[in-house]
Amino acid sequence: MALIVFAVIFVFYTKKYFTKIRLEKTNLIKGGNKMKALVIGAGGQGGPCASILSRDDSVSEILLVDVNEEAAKQAALKIGSDKIKTGRVNATDIDEVARAAKGKDVIFDFVVPWMATYVMKGALKAGVHYVNSAFDTPF
């Protein structure tokens, strides 16, 4: 339970900070553009992150993916937002991560720590921002 509370607090503050920086740096407030996010991992952190993002007016689109697409679909169904689409992505496949990130502004990475470097490389390949919640060394 404490881990879930920590995850929700972490996601809230990360999202709040990222959104502020994103709005300032790209002038989204004046331009009216909205953030498009890829959330990788639909479990105990990814689901709550997608839920929080779905209620934010500065977010227009969320792609919630997991290696188990059914988990992503169940999380999206529970959240109940039209902003959320689901899919299947193998987080250890850099090209697959990069393809899923195409057209997005940011990847929120909620996979286990040892997979983080794959997702990070996929974000670099796609040219999108990267946020990770891992608490362990991914190497």
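Is Glu-96 buried or exposed? In this predicted model, Glu-96 has a relative accessibility of 19% and therefore counts as buried, since the cut-off for that class is under 20%. The side chain of Glu-96 nevertheless has a partner: a salt bridge joins Glu-96 to Arg-88, with an N to O distance of 3.7 Å. Arg-88 is partly exposed, at 46% relative accessible area.

A wider view of the chain helps to place this pair. The chain holds six helices and five strands, and along the sequence these elements follow the pattern α-α-β-α-β-α-β-α-β-α-β. Of the 139 residues, 45% are buried. The chain exposes about 7800 Å², and 58% of this area comes from carbon and sulfur atoms. Among contacts between residues at least 6 apart in sequence, 56% join residues at least 24 apart.

The five strands form an open sheet with parallel pairing, in the order β3-β2-β1-β4-β5. At the edges stand β3 (84–88) and β5 (129–132), each of which pairs on one side only. On average, neighbouring strands of the sheet are turned by 20 degrees against each other, direction ignored. Between β4 and β5, which run parallel, there are four bridges, and Val-106 stands opposite His-129 in β5. Helix α3 (residues 46–54) packs on this sheet, where it touches β1 (35–40), β2, β3 and β4. The direction of α3 makes about 165 degrees with that of β2. Helix α6 also packs on the sheet, in contact with β1, β4 and β5; the angle between the directions of α6 and β5 is likewise about 165 degrees.

Turning to charged side chains, how many salt bridges does the structure hold? There are three. Side chains of opposite charge can pair when their charged atoms come close. Besides the Glu-96 and Arg-88 pair, Glu-61 forms a salt bridge with Lys-104, the closest N and O atoms lying 3.1 Å apart. Glu-61 belongs to strand β2 (residues 59–66) and Lys-104 to the loop between α5 and β4, so this pair ties together parts of the chain that are 43 residues apart in sequence. The two partners fall into separate accessibility classes: Glu-61 is partly exposed, at 26% relative accessible area, whereas Lys-104 is buried, at 13%.

The remaining pair is Asp-95 with Lys-125, whose side chains meet in a salt bridge at 2.1 Å, N to O. Asp-95 lies in helix α5 and Lys-125 in helix α6 (residues 116–126), and the pair links these distant parts of the chain across 30 residues. Asp-95 is partly exposed, with a relative accessible area of 36%, while Lys-125 is exposed, at 55%. Helix α6, which holds Lys-125, is also the helix described above as touching β1, β4 and β5.

The loop that carries Lys-104 deserves a second look. Which backbone atom does the side chain of Asp-105 reach? Asp-105 sits in the loop between α5 (94–101) and β4 (106–109), and the side chain of Asp-105 comes to 2.7 Å from the backbone nitrogen of Lys-36. With a relative accessibility of 17%, Asp-105 counts as buried, because that value is under 20%. This loop thus contains two buried residues with polar partners elsewhere in the chain: Lys-104, buried at 13% and bridged to Glu-61, and Asp-105, buried at 17% and in reach of Lys-36.

Note on methods:
Residues are numbered from 1 along each chain as its sequence is written. This is a predicted model: local features need pLDDT of at least 70, side-chain atom pairs count only at pLDDT 80 or more; totals for chains, interfaces and linings use all residues. Side-chain values use heavy atoms; hydrogens and water are left out. Helices (H or I, at least four residues) and strands (E, at least two) are DSSP runs, numbered from the N terminus. Buried means under 20% relative accessible area, exposed over 50%, partly exposed in between (1.4 Å probe, protein chains only). A polar contact is a pair of N or O atoms within 3.5 Å; within protein, one must be able to donate a hydrogen and the other to accept it, and residues adjacent in sequence count only if both atoms are side-chain atoms. A salt bridge is a side-chain nitrogen of Lys or Arg within 4 Å of a carboxyl oxygen of Asp or Glu. Two strands pair if DSSP finds at least two bridges between them. Axes are lines fitted to C-alpha atoms, for helices over the stretch in contact, and angles run from 0 to 180 degrees between N-to-C directions. Contact means heavy atoms within 4.5 Å. Accessible areas come from the Shrake-Rupley method with a 1.4 Å probe; for residues, only the protein chains shown count as cover.
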